[in-house]
Structure formats: C-alpha cells, structure tokens
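The exercises below are meant to be worked through with the sequence and the model side by side. Try each task before reading the solution that follows.

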Amino acid sequence: MLTIIHGADFHLDAPFAALPPDKARARRAEQRELLDRLAGLAEERRADVVLLSGDLLDGGQTYQETVQALARTLGGIPAPVFIAPGNHDCYGPRSVYAGTAWPDNVHIFSTVAVEGVELPGLNCVVHGAAFTTPQADRSPLMGFAAPRDGRIHLMALHGDVEGKGRYGPIALEDIAASGLTYLALGHIHACSGLQKAGDTYWAYPGCPEGRGFDELGDKGVLVVTVDDGGAVSAEFVPLARRRYEILTVDVTGAESPAAARAAALPADAGEDCYRIVLTGERGEEPPELAALAALAEPRFYSVTLRDQTRERRALWARSGEDSLTGLFLRTLRSGALEGDGLELAARFGLAALENGEDPCL
C-alpha cells in the first residue's frame, strides 16, 4: 500500500490585511506552524510521498524565516516531497524556489512541460509541472498520458478543473485520458473529496487554514492511500489552528441585541475568527455595533459584527388605506385568527404584497 499526504494552498506569509498589524504578524507565524503539523502527520501516517500542489507561498512578500522554516521542515520529513508551484508562487529564475538550497528529499517541478520522477522502491512515478508565470491559459494535462507499465502514476498540479479562466484550466476529459492513478490538485480552497474521471482519481484538499470569511470551517490536507490492487481512498485531516465562522443571530423579540448575541455565542470559539451577523426585527434605534463588539471580543481571537436588522413595522397602520393592502389587513383582522397566528399571517401577507419576500429571511 502507498500512503500519500496531499496538501496545497498554504499561502504562507499572507498579509491578513483585515486584522490589526500585531495579529496579522501572529497569524503569519502561526501559518509556519502548519509546516510542523504537516511533518508530524507525515511521520504519524508513515507517508511514502508528500505532494504539495502549489501556492505554498502567497507571493506578495516572502520572509526569509518562512523560507528557512519551509526548507528545514520539509527536509525533516522521512519521505520524498514534491512541489508543483502555482500561480501565486510561480517558478522563475528569481523565485524563492530557484534561489534556495533545498534538501535532497525535496523536488520542485520547474517547467510548464510535465516532468516525471521515478521512485523505484515504491514502484511509483511522480509527475508534475509548474506555473512559470502568474497566469496560464493552457491545460497542463493536455496531451499527457501515463504509460501502462504496471506502476503507480501520481501527479501534482496546480489548476482549475472545468475552469474557463487563466489558471491552468483542466478538462475532465484530460483527467480521464491521463492514465494516472491519482491527480493531486491545488488552487481551489475547498476540499473536493475524492473524485473520479475515467479510471483516474483526483481531489483538491483545500487550503490547510482559512484566511478570511470566504474560507469557513475546518481546513486541512488529504491522506490518500493506494492499495495493492490499485484502489484509491482519501481521508480529510484537519490541520488548522484557527477557523473562520459566520454566526447569524436573530434579535427579534429580544430585550436587547446584546442579550440575543450573548445567548447565541458558542462557548468554545476562543481560538477562532468570527463574523456575527445580527438579523430580525428591532426597535427604532439600530444596534450599537461598537459596544457589542467590545462585549464579544474577549470570547474570540477576532470578531466583527454586521447589522442586517430591520425596524419593526407597525403591522396594522395601513389597514385604513383604500388599497389591496388595506383590504387584506381589514379582512385578516376580522377573521378567526388570534394572537401570534394573526400577527404571523399579517407579516407573511405584507411581505408578499409589498416585496414578494419571505419575512423569515
């Protein structure tokens, strides 16, 4: 059995511009700790191969201590490590990849053309290619076909499956025709789970740690196994130190938005970054977001608040109108409904008449 660790899109040294400078620096340091967790997982699972499918570095500014940590940690993994540079960390003569002395177990693909590296002791060949410019409108798989020689053929690539843009668009037909056992992809920051095109399995592991509220929840890498019969399986393993989450709090009927917020806050989110969105109906005055944020900050690593509440309407104010809305309200009030049922019916009816909307959203 062959065990593969498949990671991508670490984006080391990302700016974390939405955070205060001190926390942004701390987050960049925590990103480097991801490398230690990756190495620990490789050792724990006795990985035979580590495939890193691009955008290991964010590309804007790379700190020397990050490059040193990357080389040192990858060099300590007791398995061959393959890097396929992506659009953010493309390979070039002035790139970190070209200008660093890498350990012997680390191989960096450096050309647009697919290259193969044989691992005879594993009966395996690892193929890969690199972005050499920030954009690439040609599929790196186009025209590639692994030989049918009884060996396991793996590939690390950065690209966009069924994409139409300029980031290595890869057609499913090309994956199916590749003859690969497993295609380890990077670029998409959400884990795809194990997919299959023809006889070739492929997957995106997603990024190993979120950097914003477009990258929510658990993030990590894939542990992929190829058994002696050629069957492929994949397990998602979380690596993230902190998660990004969005929490929606309905303040309708609460004595105050603060009370509703306090009742809804998770008890175990001290390590995480949260956006709290206030919804529902309120009084005349909007919530004081600065005061609420000050109350919430001790409960999270980072928290922001958004106000999407609306002022509570006077339901029956238009019942005297000579209009369809007035007729609806008068008819409703004179019917059999009472209490909460009457109010709910009025809210749904007004929402439908006035805006075609669902008042519960």
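**Exercise 1. A salt bridge at a sheet edge**

Is Arg151 buried, partly exposed or exposed, judged by its relative accessibility? Place the residue in the chain, and then describe its salt bridge with Glu118.

*Solution.* The model is a predicted one, and this applies to every value used here. Arg151 has a relative accessibility of 28% and therefore counts as partly exposed, since the class lies between the cut-offs of 20% and 50%. The side chain of Arg151 meets that of Glu118 in a salt bridge, with 3.6 Å from N to O. This pair links distant parts of the chain, for Glu118 belongs to strand β5 whereas Arg151 sits in the loop between β6 and β7 (152–158), and the two are 33 residues apart.

The next step is to look at the strand that carries Glu118. In the pairing of β5 with strand β6 (residues 124–128), which is antiparallel and runs over five bridges, Glu118 stands opposite Val125 of β6.

**Exercise 2. The order of the open sheet**

In what order do the six strands of the open sheet lie, and which are the edge strands?

*Solution.* Begin with the order, which is β5-β6-β7-β10-β12-β11, with mixed pairing. The edge strands are β5 (115–119) and β11 (195–197), each of which pairs on one side only. From one strand to the next, the twist averages 25°. As background, strands of a sheet pair through backbone hydrogen bonds, in either a parallel or an antiparallel sense.

**Exercise 3. Two packed helices**

At what angle do helix α1 and helix α2 pack, and how far apart are their axes? Classify the arrangement and list the residues that meet.

*Solution.* A pair of packed helices is described by the angle between the axes and the distance between them. For helix α1 (residues 21–44) and helix α2 (residues 64–75), the angle is about 5° and the axes are 10 Å apart. Angles under 35 degrees count as roughly parallel, and α1 and α2 are therefore roughly parallel to each other.

On the α1 side, the contact consists of Arg32, Leu35, Asp36, Leu38 and Ala39, which meet Glu65, Thr66, Ala69, Leu70, Thr73 and Leu74 of α2. Sorted by type, the residues of this contact are six nonpolar, two polar and three charged.

**Exercise 4. Salt bridges between distant parts of the chain**

How many salt bridges does the structure hold? Follow the one between Glu33 and Arg241, and then the one between Arg243 and Asp272.

*Solution.* The structure holds 19 salt bridges. In the one formed by Glu33 and Arg241, the closest N and O atoms are 3.6 Å apart. Glu33 lies in helix α1 and Arg241 in the loop between β14 (232–238) and β15, so that this pair links parts of the chain 208 residues apart. Glu33 counts as partly exposed at 33% relative accessibility, and Arg241 is partly exposed with a relative accessible area of 33%.

The side chains of Arg243 and Asp272 meet in a salt bridge of 3.7 Å, N to O. Because Arg243 lies in the loop between β14 and β15, and Asp272 in the loop between α5 (257–264) and β16 (273–279), the pair ties together parts that are 29 residues apart in sequence. Arg243 is partly exposed at 28% relative accessibility, whereas Asp272 is buried at 7%.

**Exercise 5. Positive phi outside glycine**

Which value is phi of Asp9 near, and which value is phi of Arg46 near? Compare the surroundings of the two residues.

*Solution.* Most residues other than glycine have a negative phi. Asp9, however, has a positive phi near 60°, and Arg46 has a positive phi near 55°. Asp9 lies in the loop between β1 (2–7) and α1, while Arg46 lies in the loop between α1 and β2 (49–52). With 1% relative accessibility Asp9 counts as buried, whereas Arg46 is exposed, with a relative accessible area of 72%.

**Exercise 6. The surroundings of a loop glycine**

Where is Gly159 found, and which residues is Gly159 in contact with beyond its neighbours within four places in sequence?

*Solution.* Gly159 is found in the loop between β7 and β8 (160–161), and counts as buried at 0% relative accessibility. Leaving aside those sequence neighbours, Gly159 is in contact with Tyr167, Gly168, Ile170, Gly186, His187 and Tyr204.

How values were computed: Residues numbered from 1 in each chain as written. Predicted model: local features only at pLDDT ≥ 70, side-chain atom pairs only at ≥ 80, totals over all residues. Heavy atoms only, no water. Pairing = 2+ DSSP bridges. Helix = DSSP H or I, 4+ residues; strand = E, 2+ residues; numbered from the N terminus. Axes fitted to C-alpha atoms, helices over the stretch in contact; angles between N-to-C directions. Parallel < 35°, antiparallel > 145°, perpendicular 65-115°, else oblique. Contact = heavy atoms within 4.5 Å. Nonpolar A, V, L, I, M, F, W, Y, C, P; charged D, E, K, R; others polar. Salt bridge = Lys/Arg side-chain N within 4 Å of Asp/Glu carboxyl O. Buried < 20%, exposed > 50% of the residue type's maximum accessible area, 1.4 Å probe, protein only.
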